[in-house]
Amino acid sequence: VRCTDIIRYMLRKAAETERGMEINTWKGQTIKAWIPILKLFQKCTGAMVTVGSDARDPAPVGWGVKEAYTMLSDLGFRYVANYHRRKPEFLKL
């Protein structure tokens, strides 16, 4: 079994159970590395994506979030999910 097959299986299960994935932009790491996995998630009918900077201190809070939103929109995602009291709220991109 190839790693891609395992990842595809996990993404399909996440999509089937209405779970999403998070793009982590911590420390300004390149968000372009997410493109292949996001495309695969779309092929698995996944649509729920969240974005977080996962900052460990105040300075990097929000780094890369705007760029991540733009990338999601360019890939054809129409919404980003934010969670409020453990429930997703969808914001149009």
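These are my notebook entries on a predicted model, going from the core out to the surface.

**Entry 1: the core**
I began with the largest nonpolar core, which has 19 residues. Ile23, Leu38, Phe41, Val49, Val51 and Leu72 touch the most other members. I then looked up which elements give two or more residues to this core, and found helices H1 (3-16), H2 (35-43) and H3 (65-74) along with strands E1 (21-24) and E2 (49-52). H3 gives the largest share, 4 residues. A general point for my margin: in soluble globular proteins, nonpolar side chains tend to be buried together.

**Entry 2: Ile23**
Which residues does Ile23 touch, not counting those up to four places away in sequence? I listed Ile31, Trp34, Leu38, Val49, Thr50, Val51, Gly52, Ala68, Met71 and Leu72.

**Entry 3: the two faces of H2**
Next I checked H2 and found that its buried residues are Leu38, Leu40 and Phe41. They lie on the same side of H2 because they cover an arc of only 160 degrees around the axis. These buried residues pack against H1, E1, E2 and H3. On the face turned away from the buried side, I found the exposed residues Pro36 and Lys43. Just after H2, I noted that Thr45 has a positive phi of about 65 degrees.

**Entry 4: a loop glycine**
I looked for Gly64 and found it in the loop between E2 and H3. Gly64 is 11 residues from Ser53 in sequence, and their C-alpha atoms are 7.1 Å apart. Leaving aside neighbours within four places in sequence, Gly64 is in contact with Thr25 and Ile31.

**Entry 5: salt bridges**
How many salt bridges are there? I noted a count of 4, and I followed some of them up.
- Arg2 and Asp5 form one, with the closest N and O atoms 3.9 Å apart; Arg2 is exposed, at 53% relative accessible area.
- Asp5 also meets Arg8, at 3.2 Å from N to O. Arg8 and Asp5 are 3 residues apart in helix H1, so about one helical turn separates them.
- Glu16 pairs with Arg12 at 4.0 Å. Glu16 and Arg12 are 4 residues apart in H1, again about one turn.

Shared partners join Arg2, Asp5 and Arg8 into one network. My reminder on helices: an α-helix has 3.6 residues a turn, so residues three or four places apart point the same way.

**Entry 6: a nonpolar patch outside**
Last, I looked at the surface, where Ile6, Tyr9 and Met10 make a nonpolar patch of about 310 Å². Tyr9 belongs to helix H1. Is Tyr9 buried or partly exposed? Tyr9 counts as partly exposed, because its relative accessibility is 44% and buried means under 20%.

Notes
Residues are numbered from 1 along each chain as its sequence is written. This is a predicted model: local features need pLDDT of at least 70, side-chain atom pairs count only at pLDDT 80 or more; totals for chains, interfaces and linings use all residues. Side-chain values use heavy atoms; hydrogens and water are left out. A nonpolar core is a set of buried Ala, Val, Leu, Ile, Met, Phe, Trp, Tyr and Cys residues joined through side-chain atoms within 4.5 Å. Buried means under 20% relative accessible area, exposed over 50%, partly exposed in between (1.4 Å probe, protein chains only). Contact means heavy atoms within 4.5 Å. The arc is that of the directions from the helix axis to the C-beta atoms. Patches are made of residues with over 30% relative accessible area and no salt bridge: like charges are joined within 9 Å, nonpolar side chains (Val, Leu, Ile, Met, Phe, Trp, Tyr) within 5 Å. Accessible areas come from the Shrake-Rupley method with a 1.4 Å probe; for residues, only the protein chains shown count as cover. A salt bridge is a side-chain nitrogen of Lys or Arg within 4 Å of a carboxyl oxygen of Asp or Glu.
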